[in-house]
Amino acid sequence: MKATIKCLVLASIFLGSISMHAQKRHLDNYRYPDQDGINVFEDPKDSILTFEHIKVRIGGSFALQFQALEHENSGAAELESIGYNFNLATANLDLDVALAPGVRMHLRTYLSSRHHPEPYVKGGYFQIDNLSFLSDGLMDGFMKYTTIRIGHMENNYGDAHFRRTDNAQAIYNPFVGNLIMDSFTTEVGAEVYHQRNGFIAMIGMANGKLNQSVVEGSNGKTGGASFLAKLGYDKQITDNIRIRLTGSLYNTGYVPSLYLYTADRAGSRYYSILEAPGSSAFRSGRFSPSFRNSITAIMFNPFVKWGGLELFGTIENTSGSTNASSSIVDDVVVITPRKDGKTQQYAAELIYRFGHRENFYLGGRYNVVNSEYDDTDDVTVERFQAAAGWFMTKNILTKVEYVSQNYDGATGRLEDGKFDGLMVEAVISF
């Protein structure tokens, strides 16, 4: 009974906070988590500041899918028996706080995700767009075009992560699933942006670790760092034509464990697909290169919007290695040699938005990954997605997707593996 009362009190405070701030939810240099945030990449840079006092913007997202997928393989390995049903509902809680003119904090908590039914923090950052909180007029000319972001945060590698589903925040994604090779990681670091006359430049450094600990050996070996860089151009050429092109780099000299494609603890949208019976795996349908200790990843992303028609592309090339290691098995030293490999990913999305406020859309995406390790055979993964969506309001989206994916050259449970079918998703984000 006491727990129920506490929940009711907390819910009342939460809803009351939303009500009190409903008319004052504007934040400077901020990408909104609703339809207004569609096709926004880096946070907009505006030198006009509206800060009056500390403001807390409470927001969140909720997403629920109905899955009607079927899968099969060569029969070399048994697969989980699946049927049609609803997936676990996911939810996010966002806190965005204006602390001073041009200074903001962001914190995202996953209230429920495929991997963890219990709440846990995804990450957060401290963003600085103006230095007047230190001294009036300090470096105004420089900060007019510059943004500094520091935290344990989602690293800005490529543009695809701006359109991906982040647990329950699925309103930016016109499809239900993310890319096959889903580049997403959260590391402790800092990024510096310069945006001027359509040109975008970013340079950043992170510590290369998903989980943090001062205990020696808790992250494999000590050391490791990630270097990030981005250069691009984004311009509204005419009232109807916008063009954007960026190139990005993510590089590690050495890290104990590489997380660029395995850091998403929220999990894939395709539940139990091509998994072994009783498996607790949560990244079904995704592919991660087997690099463990070093990687050089380069991504190019063209984006063109002409009226309601938009094209977004991903061209990604990675190369990396897993260092040699040794272990003792039955008193025998087993040496595992260094393993090198390379992987390419290509994706093309064509979306047509129409209706009042472009609140309807139709779209298709083709995505292919090809990976090769030393002298082993290539592994190729292909996916096709077709989707339709309806923004009932700018905060409510319903979408339906047909997806088909197949594997060539894979072994085990993925040998001649394929899945296809329908996904329906409902999203609320505010």
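**Entry 1: Asp416 and Arg357**

I started at Asp416, which is partly exposed, with a relative accessible area of 48%. That value falls short of the exposed class because exposed means over 50%. I am working from a predicted model here. I looked up where Asp416 sits, and it is in the loop between strand 18 (396–408) and strand 19 (418–429). Its backbone caught my eye: Asp416 is not a glycine, yet its phi is positive, about 55 degrees.

I then pulled up Arg357, another non-glycine residue with a positive phi, this one near 60 degrees. Arg357 belongs to the loop between strand 15 and strand 16. Its relative accessible area is 41%, so I put Arg357 down as partly exposed.

**Entry 2: the chain overall**

I stepped back to get the general layout. I found 2 helices and 19 strands in the protein chain. The chain has 430 residues, and 49% of them are buried. I also checked how far apart in sequence the contacting residues are. Of the contacts with a separation of 6 or more, 65% are between residues 24 or more positions apart. For the surface, I noted about 20,100 Å² exposed, with carbon and sulfur atoms supplying 61% of that area.

**Entry 3: how far I trust it**

I looked at confidence before going into side chains. The mean pLDDT of the chain is 88, and 88% of the residues reach 70 or more. Residues 329–336 are a weak spot, with pLDDT below 50. I see 12 contacts for that stretch beyond its near neighbours in sequence. The start of the chain is another: pLDDT stays under 50 over residues 1–22. Those residues have 6 contacts beyond four places in sequence in the model. Where pLDDT is low, the predicted coordinates should not be read in detail. I left both stretches alone after that.

**Entry 4: Asp28**

Which side chain of opposite charge is nearest to Asp28? I looked, and it is Lys55, 7.2 Å away. Asp28 is buried and has no salt bridge. A salt bridge needs the nitrogen and the carboxyl oxygen within 4 Å, so Lys55 does not qualify.

I then asked what the Asp28 side chain does touch. It makes a polar contact with the side chain of Thr50 at 2.8 Å. The His26 side chain is a polar partner of Asp28 too, at 3.3 Å. Past the neighbours within four places in sequence, I listed Ile48, Leu49, Thr50, Phe51 and Arg104 as contacts of Asp28. Asp28 itself is in the loop between helix 1 (2–21) and strand 1 (55–72).

**Entry 5: salt bridges**

I got 30 salt bridges in the structure. I went through three pairs one at a time.

Arg244 and Glu42 came up at 2.8 Å, N to O. Arg244 is in strand 10 (residues 241–252) and Glu42 is in the loop between helix 1 and strand 1, so this pair ties together parts 202 residues apart in sequence. I checked burial for each partner: Arg244 has 2% relative accessibility and counts as buried, and Glu42 is buried as well, at 8%.

Next was Asp159 with Lys230, where the closest N and O atoms are 2.8 Å apart. Asp159 is in the loop between strand 6 (146–154) and strand 7 (186–196), while Lys230 is in strand 9 (residues 226–236). The two are 71 residues apart, and the pair links distant parts of the chain. Asp159 comes out at 0% relative accessibility, so it is buried. Lys230 is buried too, with a relative accessible area of 4%.

My third pair was Arg365 and Glu349, with 2.9 Å between the closest N and O atoms. Arg365 lies in strand 16 (residues 360–373) and Glu349 in strand 15 (residues 339–354), so here the bridge joins parts 16 residues apart in sequence. I have Arg365 down as buried at 4% relative accessibility, and Glu349 as buried at 4%.

**Entry 6: a network**

Which residues are linked in a network of salt bridges? I wrote down Asp94, Arg108, Lys122, Glu154, Arg164, Asp166, Asp182, Asp264 and Arg286.

Methods. Residues numbered from 1 in each chain as written. Predicted model: local features only at pLDDT ≥ 70, side-chain atom pairs only at ≥ 80, totals over all residues. Heavy atoms only, no water. Helix = DSSP H or I, 4+ residues; strand = E, 2+ residues; numbered from the N terminus. Buried < 20%, exposed > 50% of the residue type's maximum accessible area, 1.4 Å probe, protein only. Contact = heavy atoms within 4.5 Å. Areas by Shrake-Rupley, 256 points an atom, 1.4 Å probe, with all protein chains shown as cover. Lys, Arg positive; Asp, Glu negative; His and termini not counted. Polar contact = N/O pair within 3.5 Å; in protein donor to acceptor, adjacent residues only side chain to side chain. pLDDT = per-residue confidence, 0-100.
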